[in-house]
Amino acid sequence: MNARVDIPAQVEHRALPPVTHDEYARQEFVRTFKEHLVKHVHGGNRAVYEAKVKPAFQRKHKRAPKTRFEVRDEMVREPYYQMFSALLRTSQEMMWSSCQIPVARDLEALNKTIKQAQKKKKALGSLRLNPELPIPKYHTAVDIHCQPGGYHTEFMPEDASAGMVYDRAVHVYAMGQMGPFNNDMGASIVMWLKKHYPDFSPKRILDLGCSVGHSTVPYAEAFPNAEVHAIDVAAPMLRYAHARAEDLGVAVHYSQQNAEGTDFADGSFDLIVSHILLHETSQRGINNIVKECHRLLAKGGMMIHAETPPYAGMDPFDAFLLDWDTRNNNEPFWSRSHELDLKALSQQGGFDPALEFEDLIPSAFQVAQATRSHKFQGGDFGGGGLWFIYGNRK
Amino acid sequence: MSVGSTLKRKARGERPYFFEDPSVDRVIAMVMGLAGEVAVLHDRLDTLERLVEQQGGVKRAAIDAYKPSASVAAERAAWREGFLSEVLRIVESEVEALATGDTAKYDTAIKSVETDAPAPKRKPVARKKK
């Protein structure tokens with residue numbers, strides 16, 4: 001893999017916490033550390049597996065490992081895998097830490113900036129919070145993907161720190177490969193919709209589990225006549241998302257709601273989307289979310305959920321490595337969410353399974369990059385150049 | 001760098017250790033923390049060199065002769081304190097887990113999101129005054 005070229009810096013906006021020389025250098029180190037793992041360390045696991053683990057398994061069992069569990073039980077004893085895992089976990093912890101430091105430095109002032117950014121003279125969108133909303137257990141049992149305090153914790157009144165930390169961390173996590181606005185998943189679905197449904201013109205759009213609205217904004221830009229709503233259970237994310245959208249000049253109506261059951265009327269939306277939301281929930285949660293999508297969609301509407309690909313049909317070693325996050329990056333529902341019968345999921349939600357669809361769609365950012373440089377070499381998170389989508393028409 | 005007085009530092013959830021002896025994991029985390037801080041210094045030195053090249057200025061003898069004032073010495077001591085807290089993050093996070101009661105087995109989290117059993121107990125985040 002060659003060095004990546006032409007990865008643009010994250011676009012700065014008023015809500016994004018400023019960094020000092022050294023804070024920026026520290027975040028840059030983590031990004032480089034992660035790139036290094038992907039380029040030079042990750043692949044060694046496959047090498048160890050093929051050279052050592054698989055032949056030993058074959059000698060003992062007279063067959064190759066059939067499941068990711070059989071692969072796991074052998075690999076966890078391999079010093080190489082242990083080192084890889086220790087480094088990857090550490091890189092994740094350092095990522096959050098490096099993004100917390102500039103936020104903690106003067107949180108009160110940063111929260112004031114967020115409030116100012118939300119109060120534009122000519123407001124475009126809106127923010128509706130509900131302090132009584134219960135935070136679902138899949139957010140409180142562990143802090144998802146190891147963000148300390150998760151999405152929902154407030155460290156002072158009217159706090160947006162979770163959003164401040166998260167916006168920068170996503171850029172570091174994806175090593176810039178989600179684009180300068182961290183918006184690749186939303187932008188990729190928009191590109192897919194424009195290609196496959198050029199006449200589809202949704203009047204009302206809802207983004208579920210929107211966090212800071214990285215993926216929400218591209219819909220508002222692509223469908224300027226649509227009313228765009230976005231919900232999340234976490235108030236700190238929504239405060240930040242609202243400030244960010246206002247500063248970027250995009251109208252989004254944010255509200256603090258659980259996607260399992262919202263206060264919108266039946267048939268309110270023509271397009272409902274989510275981006276790496278489903279794996280952060282639970283079996284009951286995901287069932288409820290699909291039911292709610294069915295209730296909220298108007299006839300002829302469409303729901304689309306972006307995720308990483310399911311394990312079905314995947315080589316057991318690849319599935320084992322893709323499953324790393326379940327235990328090691330605080331993603332308890334990751335495994336099960338990658339093994340769902342999606343047609344059955346749609347059906348229990350009230351959808352016609354004949355109108356269910358699944359697709360691997362190209363990354364909008366990578367397509368743009370390839371056009372620009374003609375030298376683009378894929379990386380890692382999203383580096384496959386593809387997103388998996390699951391959806392249903394109503 | 002007193003991040004801990006403002007934000008929570010340890011992500012809730014039992015941390016995985018990968019080596020037979022978890023001390024190895026700890027040392028790796030420290031080494032990488034140290035590497036990160038060395039990289040920060042490298043960038044800083046690089047900035048200094050570029051600025052000196054562009055704008056002229058500092059003689060080596062002046063650097064050798066520089067004596068920090070009490071306030072500069074205090075600033076540097078505070079920097080070192082923050083530096084060590086980054087390098088030794090892994091050690092601190094284990095203590096934080098004990099301090100916040102974040103000690104439940106991770107498997108219980110996986111099970112609990114699917115059942116009515118209560119989530120593993122956690123203490124409320126203490127809001128410290130500045």
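Let us start with a pair of residues in this predicted model: A:Ile231 has A:Ser255 of strand β4(A) as its bridge partner. That bridge belongs to a wider pairing, for strand β3 (residues 227-232) of chain A and β4(A) run parallel and are joined over 4 bridges.

Now look at the other neighbour of β4(A). Strand β1 (residues 126-128) of chain A is also parallel to β4(A), and 3 bridges link the two. Here A:Ser255 turns up again, as the bridge partner of A:Arg128.

Which way do the residues of strand β4 (residues 253-256) of chain A point? A:His253 and A:Ser255 point one way, while A:Tyr254 and A:Gln256 point the other way. This fits a general pattern: in a regular strand, side chains alternate between the two faces of the sheet. In β4(A), residues pointing either way are all buried.

How does the chain get from β3(A) to β4(A)? Follow helix α10 (residues 235-248) of chain A, which forms a right-handed β-α-β unit together with β3(A) and β4(A).

Next, find A:Met237. Leaving aside residues up to four places away in sequence, A:Met237 touches A:Tyr151, A:Ala162, A:Gly163, A:Tyr166, A:Ser211, A:Val212 and A:Asp232. A:Met237 also belongs to the largest nonpolar core, which has 108 residues; A:Met237, A:Tyr240, A:Ala241 and A:Ile272 touch the most other members. Helix α4 (residues 79-105) of chain A gives this core its largest share, 12 residues. There is a second, separate core of 9 residues too, and its members include A:Ala141 and A:Val142 as well as B:Ala109 and B:Val113.

Helix α8 (residues 184-196) of chain A lets you try a little check. The 13 residues of this helix should span 18 Å at 1.5 Å a residue, and because its end C-alpha atoms are 18 Å apart, the two values agree. Which residues of α8(A) are buried? They are A:Asp184, A:Met185, A:Gly186, A:Ala187, A:Ser188, A:Ile189, A:Met191 and A:Leu193.

Finally, turn to the place where the two chains meet. Here 42 residues of chain A are in contact with 36 residues of chain B. On the side of chain A, the elements that give two or more residues are α1 (21-41), α4, α6 (137-140) and α13 (324-328). Of these, α4(A) supplies the largest share, 13 residues. Sorted by class, this side of chain A has 20 nonpolar, 15 polar and 7 charged residues. Helix α4(A) is thus a good one to remember: the largest share of the largest nonpolar core also comes from this helix.

Key
Residues numbered from 1 in each chain as written. Chains lettered and ligands numbered in written order. Predicted model: local features only at pLDDT ≥ 70, side-chain atom pairs only at ≥ 80, totals over all residues. Core = buried A, V, L, I, M, F, W, Y, C linked by C-beta atoms within 7 Å. Buried ≥ 20, exposed ≤ 12 C-beta atoms within 10 Å, placed from the backbone. Contact = placed C-beta atoms within 7 Å. Expected span 1.5 Å × (residues − 1). Pairing = 2+ DSSP bridges. Right-handed = clockwise from strand over helix to strand, strands pointing away. Nonpolar A, V, L, I, M, F, W, Y, C, P; charged D, E, K, R; others polar.
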